[in-house]
Amino acid sequence: MSSGATTRQEGANSQLVRRMFQAGESMNVNNFAAFYADDALYQFGNFPVAHGPQGIVDGSQGFLAKVKKVVHHIENIWEIDPETVVVEMTVTYDRHDGKS
């Protein structure tokens with residue numbers, strides 16, 4: 001008897017997004033920035049928009065000075081179309097001052 005649940009294999013873009021978040025968890029911003037094209041626009045929270053990989057590296061220095069560990073807990077991931085991936089997740093930040 002089938003439970004009605006379907007199992008679907010993740011596509012290449014979902015796998016790419018997972019690898020990108022894992023690169024961010026390395027706490028080496030160059031690993032993360034390598035996923036972005038030179039003309040990329042990236043905005044994290046209320047920080048200013050960063051332009052390209054070097055902008056991401058430069059704009060991350062203040063954040064990295066405060067945070068010692070980041071973990072992305074992906075709950076769901078959907079490939080809407082060939083150019084759109086939506087991720088539902090929570091993120092845990094462990095700061096250098098011992099707070100999360």
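What covers the buried residues of α1? The points below take up this question first and then turn to the other helix, the pockets and two residues of β3.

1. The model discussed here is a predicted one. In it, the cover over the buried residues of α1 includes α2, β3 (67-81) and β4 (84-95). The buried residues themselves are Ser 14, Val 17, Met 20, Phe 21, Ala 23 and Gly 24.

2. The length of α1 (residues 12-25) is in order. Its 14 residues should span 20 Å at 1.5 Å a residue, and because the end C-alpha atoms lie 20 Å apart, the two values agree. Just after this helix, Met 27 adopts a positive phi of about 65°.

3. Helix α3 covers residues 52-66, 15 residues in total. From its first C-alpha to its last it reaches 23 Å, close to the 21 Å expected at 1.5 Å a residue. The helix nevertheless bends by about 45°, and the bend is located at Ser 60.

4. Ser 60 is also one of the buried residues of α3, together with Gly 52, Pro 53, Ile 56 and Val 57. Among the elements that cover these buried residues are α2 (29-33), β1 (41-42) and β2 (50-51).

5. The largest pocket has a volume of about 500 Å³. Its lining comprises 25 residues, of which Phe 32, Tyr 42, Phe 44, Ser 60 and Phe 63 are the closest to the centre. Two or more lining residues come from each of α1, α2, α3, β3 and β4. Ser 60 thus appears in two connections: the bend of α3 is at this residue, and Ser 60 is among the residues closest to the centre of the pocket.

6. Which element gives the most to the lining of the largest pocket? The answer is α3, with 6 residues. As to character, the lining of this pocket divides into 18 nonpolar and 7 polar residues, with no charged residue.

7. The second largest pocket has a volume of about 230 Å³. Its lining consists of Asn 13, Leu 16, Val 17, Met 20, Phe 35, Tyr 36, Pro 82, Glu 83, Thr 84 and Val 85. At least two of these residues come from α1 and at least two from β4; α1 gives the most, with 4 residues. By class, the lining holds 7 nonpolar, 2 polar and 1 charged. Val 17 and Met 20, which belong to this lining, are also listed among the buried residues of α1.

8. Is His 72 of strand β3 buried or exposed? His 72 counts as buried because its relative accessibility is 19%, and the cut-off for that class is under 20%. Beyond its neighbours within four places in sequence, His 72 is in contact with Phe 21, Glu 25, Met 89, Thr 90 and Val 91. Of these partners, Phe 21 is itself buried in α1.

9. Glu 79 likewise has its place in strand β3. With a relative accessible area of 29%, Glu 79 is partly exposed, since that class lies between 20% and 50%. Leaving aside neighbours within four places in sequence, its contacts are Glu 10, Gly 11, Ala 12, Asn 13, Ser 14, Thr 84 and Val 85. Among these contacts, Asn 13, Thr 84 and Val 85 also line the second largest pocket. Between Glu 79 and Asn 31, the C-alpha to C-alpha distance is 23 Å, and the two residues are 48 residues apart in sequence.

How values were computed
Residues are numbered from 1 along each chain as its sequence is written. This is a predicted model: local features need pLDDT of at least 70, side-chain atom pairs count only at pLDDT 80 or more; totals for chains, interfaces and linings use all residues. Side-chain values use heavy atoms; hydrogens and water are left out. The expected span of a helix is 1.5 Å times one less than its number of residues. The bend at a residue is the angle between axes fitted to the seven residues ending there and the seven starting there. Buried means under 20% relative accessible area, exposed over 50%, partly exposed in between (1.4 Å probe, protein chains only). Contact means heavy atoms within 4.5 Å. On a 1 Å grid over the protein atoms alone, a cavity is a set of points where a 1.4 Å probe fits but cannot get out, and a pocket is an open set with protein on both sides within 12 Å along at least five of seven lines; lining residues have an atom within 4 Å of a point. Grid points are joined across faces, edges and corners, and a volume is the space filled by probe spheres set on the points. Ala, Val, Leu, Ile, Met, Phe, Trp, Tyr, Cys and Pro count as nonpolar, Asp, Glu, Lys and Arg as charged, and the others, Gly among them, as polar.
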